[in-house]
Amino acid sequence: MSSLQKTWDTDVVTDYIKQESQQKSPDVFLETHIPIRKIRAESLIGYDGDFVSETGLFKHVVQSNPQDVENRIYLLKGEVGSGKSHLCQWLEYQLNGYGDLEGAEEHVAIHISRNNTRMADILAKLYEHIDAEHEELDDIIALDPVDLADFIITGLRTFGANTETFSGFELDDFIEDYPNKLDLRSALEENIREYQHAVEKEDREQRIELITREEFGRICFNVFGETFKDSEVFPTVRNAIHDRLIKNVGIEDFQNELADISDKYQKEGKRPVLICEDVTTFTFLKDDLMDHIFQLGDGGDEMESGYDVILGYTTGWETEKADDALTTGDLSHMRQRADGYLRMTNENGEAYFLEDGAMPIQLVRKYLSVIKQHSDSVDLEGIDQSDFDDLYPFNEQFIMRAYANLVEDGNLQQTPRLLLYHVIGDCLRSEIPPHEKMAGNTYIREFTAPTSAESYSASFRSLVKWYGRMEGGRVVVPETYFEAFDIAIPDDITVVDGHVHLDVLYENVGWEVPDSDLKPVDPDEDLDGGIRSRDPVTERDTDDSEQEDGNRPSTPKSKTTPVEEKEAKKEQSERAKRIEHFRNWFGGGGEFPSANRLREGVQAALNRFYDPTRLANENATTVGTAGFYYASGSDVPVEIRGPDAGKDVAVTVSHVSDEYVDYERMLYEMMHYGLEGEFREDANLDAIRSWVDDNVVAFRQRMRTDLEDALADEMTLEEFLILARFLVFNAAHGDDTIDRGKSIRDSDEYSMDDQSPFKWEDSPFELPAGLTEGLNGMTTRRADIAGLCQGFFLLKSNFVDHDRLAPAIRNVSENLDGYIDAATRIDSSEVADAYRIGTTRSDASGSARVARLFEIVSDYASEIEKLQQSFDISAVEEDIETVSNLHSSGHTAADLKSAYECLRDCIKPLDINLRTRWEDTYELLEQRPRELALAEFGQTLETFETIDPRSGVEVLSLMYEYNDSRSSQEAWTVYTVLAEMIEAIEDHPDAEAEAFRELVRDSEEFGTFVQKRDTAVETIRGI
């Protein structure tokens, strides 16, 4: 458990470190004051383009004479917290005799701070140094919004419409009431209510805006059909509205009152110096104030005035509000009219007076010294404060890192207020060490140290991050720092000569504090007129380090513009922030805001060596074959353990691992890719490859497990594919055994035979609708099945992986019925939609779902099982019986021709027309007798007479064989035609036909025929 020994009192810290400079007494203020030696003088007599110090500005101000009737204006621009208030407070104390500067005896400072927001307070400040009374003002918060809005509109109607002030603008129409849409009255009432509510809520005066430019534009659009938002009439209207409000609260003419106050000061021999550290403090009085000091107080006859005015404002006000500040004129007019245009901060938001050397350190050192001096002395046990650069509990590196990373509202803001109040003050008021107190400080931009996170404690890592320094290419921290804060040093850490030494792992993080930032600056050095402002192009050495002989290296200098330099620093800062996220996650898990960068690097590593989400033959080098893909998202699913919710299927990256050497460095290499879009040149790709190998194997095993869980327990993916491919060929060609070559054949080679029972119009078989529909599904997926078989069983083109193919074929062949039964029990309901089929991941993402393939094969297997039970053999039996009754193994083509001629001669007298088919058959017998192949036909007929299909697969094979025989063996037609001719003769009603029937039947041939027929019928019936 870390601890903090204090040498200061918290109440003393509160006395000296405050948000506002005016909250301090003169003694406290001056005791901690460090001269502001650099204020950029954009324009100031004697300093144009140079820097002026606070003393130089003081001397410039006091050059005025109390009897002068012309206002002298100094515009003071700077970001919030940049020292404007401090400078204004210092000027007040010096001008009013609290300081040690001379020459201000005839001047008196009227300091309107940001806290003086109530109108009564502002008037009291204006009258503070003269013996004169002023009327009390009404409080806006006590007024009724409806009455006040009506007063303003009535005044505009009475006093405004008849003047030339609104020439070209129809004021009467603008101030009219327009129900059901925004008008001036409703805008005024709403803004007054919001102001009153804000005052009550905050218990202090608030800035009031009776009408905004946006509201003005909307009202104009409702009234005139155009916004007038960009015209010059808006400031005129707004000022007229504010003028009505001023009169309502008791100020008849603020400009005249300012002139009267100036006159009273002059009569007392004093030159009033009006110091307004924030122009918006004056709320609606601002309009008259600005008009007075910029236009009317110009020494003319119309209105004489004699103020020196320090007018402070922010960049935001200059950008958004300055052009509306005057009734006539804009920002350029203000600059031209001003005697001085001064800036406290540079383009990066950094206070000029702190940008040189160790000024931030000297500022903090001043405050620490005073605070410790006024605190009850406490001796530190075992702590030598000199080890901390006499800045305990900080050191120089700590302060400069804090200053370099100050932010406000997300923007870099290197100002003394943020440094003192939100860093130094917060730490001194805390009970924990500063490096721990800084965790989560919203005023500090995230940055990182270049050292490994390893398994070190958060306290150890943060101490190194804040207090460490670079020395000899390593990070070094005095051992006494760890002792001072009671933080253990891990056993594996190298300690040399009382200093902890750590290796550098992370590059380009902007952590090292340059020696130039540690060089002391004499804040009292007179630099007035002696420092030129920085050139727009800053020259920077390629190597700022000193050589041993003290000379700079003679390398060429590179030139970068301030914008380029700012952008480079921003990029470096962003990189450092993301690496700090990584280090914090790696050091302890948990949140990881930049997890996507690591994810991108991991995905790049996985894709570099594999198609990681593909499940097929991992040893194959084939291109264009299909595989199973887990196609969730646009890339490989990667789960960063901690920030990511557990994903169903993903490559998991943990912040701890005992399996891999130098695991942090390996992950950093992938994080680097996510940040830079490429691996470092010296990245250990072998180590990354080893990690990728293991994770891809694990990922694919998870894929296999998910998919095979949907199959029956006894079936692998390889066996499923062999079965599915066989069922396709059984349906297309009637195959009854698995063919090794066909299993890996291209899908383009697939075609259904013309005699297929699913295709041949003369097929005698009536197929179940479910079987036909199932085959349609299998046909639509035949390319997927074929591609998957090639993806799993080909190592490369025409090179088969026999070790994978042979056992799958053997297992399915030996238990075909069992595998078909198993296929009927496939449950695809739990197969994730992300599982797809394709030749590449991108192709698979929009391709067939694996679940649908499983479902199609399962449905078809079920129909095949039903086919064996529903198959009706009667159609085959009838055809076989008809032919078998006439067939004899001794028949020749001549016998059949003779029989045909005999039957034909018998038919002629019976008035029976010879059918065309009969005549075609005779032509066959007469001209192409060899085509009958009667011996082969006899064998076929003998086979069909003993048919006994025992499965749906055998039924389909029988159908194919039977249809093929019927379509290719002409003997079927010959015997069928003879049977038809006999039947035609037998069925004829002529008596001669009956005599023929008797003649035929009594013949020896007919006796043989009948005997054979009866035997065949008995055989068929026994099937």
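**Reading a predicted model, feature by feature**

Reader: Hello! Where in the chain is Ala 933 found?

Author: Welcome! Ala 933 sits in the loop that runs between helix H35 (916–927) and helix H36 (934–944). Please keep in mind that this is a predicted model.

Reader: Is Ala 933 buried, exposed or partly exposed?

Author: Ala 933 counts as partly exposed, because its relative accessibility is 33%, and the partly exposed class lies between 20% and 50%.

Reader: What is there to notice about the phi of Ala 933?

Author: First, the general idea: most residues other than glycine have a negative phi. Ala 933 is not a glycine, yet its phi is positive, at about 45°. Asn 180 is another such case, with a positive phi near 70°. Asn 180 also belongs to a loop, the one between helix H7 (171–174) and helix H8 (184–202). With a relative accessibility of 86%, Asn 180 counts as exposed.

Reader: And the peptide bonds? Which kind is the bond from Tyr 392 to Pro 393, cis or trans?

Author: As a rule, most peptide bonds are trans. The bond from Tyr 392 to Pro 393 is cis, and its omega is near 10°. You will find Pro 393 in the loop between helix H15 (359–373) and helix H16 (396–404).

Reader: Let us step back to the whole chain. How many helices and strands does the chain have?

Author: The secondary structure comes to 40 helices and 22 strands. Of the 1023 residues in the chain, 52% are buried.

Reader: How do I read contacts between parts that are apart in sequence?

Author: Take the contacts between residues at least 6 apart in sequence: 73% of them join residues at least 24 apart. You can see separation in sequence and distance in space side by side in single pairs. Ala 933 and Gln 969 are 36 residues apart in sequence, while their C-alpha atoms are 7.6 Å apart. Ile 826 and Ala 851 are 25 residues apart in sequence and 9.8 Å apart in space, again from C-alpha to C-alpha.

Reader: Which residues is Ile 826 in contact with, leaving aside its neighbours within four places in sequence?

Author: Ile 826 is in contact with Ala 710, Leu 711, Phe 720, Phe 854 and Ser 858. Ile 826 lies in the loop between H30 and strand E22 (835–838). Its relative accessible area is 11%, so Ile 826 is buried.

Reader: Now a helix, please. What should helix H29 span, at 1.5 Å a residue?

Author: The 13 residues of helix H29 (residues 802–814) should span 18 Å, and the end C-alpha atoms are 17 Å apart, which agrees. The buried residues of H29 are Arg 804, Leu 805, Ala 808, Ile 809 and Val 812. Seen down the helix axis, the buried residues of H29 fall within an arc of 110°, so they line one face of the helix. Asp 803 and Glu 814 are exposed on the other side of H29.

Reader: What do the buried residues of H29 pack against?

Author: Their partners include helix H24 (685–710), helix H25 (717–733), helix H28 (782–793) and helix H30 (816–824). Helix H26 (740–743) and strand E21 (799–800) are also among them.

Reader: Which residues are buried in H34?

Author: In H34, they are Ala 893, Leu 896, Tyr 900, Leu 903, Arg 904, Cys 906 and Ile 907. Seen down the axis, these fall within an arc of 160°, so they line one face of H34. Helix H34 (residues 893–907) has 15 residues and reaches 21 Å from its first C-alpha to its last, close to the expected 21 Å.

Reader: How many residues does helix H37 have?

Author: Helix H37 (residues 952–968) has 17 residues, and its reach of 24 Å is close to the 24 Å expected. Buried residues of H37 include Gly 952, Leu 956, Tyr 960 and Ser 965.

Reader: Last topic: empty space. How many cavities of 30 Å³ or more does the structure hold?

Author: Rolling a probe the size of a water molecule over the atoms shows where empty space is left. The structure holds three cavities of 30 Å³ or more. The second largest cavity has a volume of about 50 Å³. Among the residues that line it are Arg 725, Phe 726, Thr 737, Asp 739 and Lys 742. H25 and H26 are the elements that give two or more residues to this lining, and the largest share, three residues, comes from H25.

Reader: Which classes of residue make up the lining of the second largest cavity?

Author: That lining has four charged, three nonpolar and two polar residues. Happy exploring!

Definitions and conventions: Residues numbered from 1 in each chain as written. Predicted model: local features only at pLDDT ≥ 70, side-chain atom pairs only at ≥ 80, totals over all residues. Heavy atoms only, no water. Helix = DSSP H or I, 4+ residues; strand = E, 2+ residues; numbered from the N terminus. Expected span 1.5 Å × (residues − 1). Buried < 20%, exposed > 50% of the residue type's maximum accessible area, 1.4 Å probe, protein only. Arc of directions from axis to C-beta. Contact = heavy atoms within 4.5 Å. 1 Å grid on protein atoms, 1.4 Å probe; cavity = no way out; pocket = protein on both sides within 12 Å on 5 of 7 lines; lining within 4 Å. Points joined across faces, edges and corners; volume = space filled by probe spheres on them. Nonpolar A, V, L, I, M, F, W, Y, C, P; charged D, E, K, R; others polar.
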